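Please open the model in the viewer and keep the sequence panel visible. The tour below proceeds selection by selection.

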Amino acid sequence: AVVSTQSTGSEYKNTLKIKEFELERLTLLYDEVSTKFGNATNDNEKNAKKLEVLLDEYNTLKHTHLTEVNSLTLKIRTLSSELTALRMGDTDIREIMTVLGSENMACNKEQLAKRLIEISKNNETLKDSLRSKNEALERALGEVQAL
């Protein structure tokens, strides 16, 4: 019975040592996992802040580009209107030239010639303006597309 008690006591001591070892191992594992969890939480918070900054920047750029697109759309409409005016001016010039060539209008040729010169100058001014605006528009579109 004494041997059995000593044997049982030895078994309990061995089991206790094993359990203490397991407890120490689990404690170290817990500390490691806890540290990694804390680091992951900090990384998550940093990434959330970065995401917020990037979203703000994205929204700002989106607004800026929409404003630029609207501005360019307005410029296109303006240039189209000017082009239409130029085309109408070309039609006026052709009509005046037809009238100048007719024999019925001999007395009004001087007035018509002055009007022709006036329309021609206006036409050239509008063409130059259109060309300039078209070049500016192409540059602006190139810049927007580059973004």
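Begin with the whole protein chain, bearing in mind that this is a predicted model. Of its 147 residues, 11% are buried. The accessible surface comes to about 12300 Å², and carbon and sulfur atoms account for 58% of that area.

Next, switch to a cartoon representation. The secondary structure consists of two helices and zero strands. Select residues 2–101 to display helix α1, and then residues 109–146 to display helix α2. With a contact display switched on, consider the pairs in the chain that have a separation of 6 or more: 66% of these contacts are accounted for by residues 24 or more positions apart.

**The nonpolar core**

Which residues make up the largest nonpolar core? Select L72, L79, L130, L137, A140 and V144, the six residues that compose it. Both helices take part, since α1 and α2 each supply at least two residues of this core. Helix α2 provides the largest share, namely four residues.

Now centre the view on L72 and show its surroundings. Leaving aside residues up to four places away in sequence, L72 touches L137, A140, L141 and V144. Among these neighbours, L137, A140 and V144 belong to the core together with L72.

**The salt bridges**

How many salt bridges does the structure hold? There are two, and each can be inspected in turn.

For one of them, select E32 and K36 in stick representation. K36 forms a salt bridge with E32, in which the closest N and O atoms are 3.2 Å apart. Both residues lie in helix α1, separated by four residues, or about one turn of the helix. Is K36 buried or exposed? Its relative accessible area is 52%, so K36 is classed as exposed, the cut-off being over 50%. E32 has 41% relative accessibility and therefore counts as partly exposed.

For the other, move to D128 and R131. The closest N and O atoms of this salt bridge are 2.8 Å apart. D128 and R131 both lie in helix α2, three residues apart, which is again about one turn of the helix. D128 is partly exposed, with a relative accessible area of 42%. R131 likewise counts as partly exposed, at 45% relative accessibility.

**A nonpolar surface patch**

Finally, turn on the molecular surface and select L26, L29 and V33. These residues make a nonpolar surface patch of about 260 Å². V33 is located in helix α1. Why does V33 count as partly exposed? Its relative accessibility is 48%, and partly exposed residues are those between the buried limit of 20% and the exposed limit of 50%, so V33 falls in that class.

Notes
Residues numbered from 1 in each chain as written. Predicted model: local features only at pLDDT ≥ 70, side-chain atom pairs only at ≥ 80, totals over all residues. Heavy atoms only, no water. Patch = residues over 30% accessible without salt bridge, like charges linked within 9 Å, V, L, I, M, F, W, Y side chains within 5 Å. Areas by Shrake-Rupley, 256 points an atom, 1.4 Å probe, with all protein chains shown as cover. Salt bridge = Lys/Arg side-chain N within 4 Å of Asp/Glu carboxyl O. Buried < 20%, exposed > 50% of the residue type's maximum accessible area, 1.4 Å probe, protein only. Contact = heavy atoms within 4.5 Å. Core = buried A, V, L, I, M, F, W, Y, C linked by side-chain atoms within 4.5 Å.
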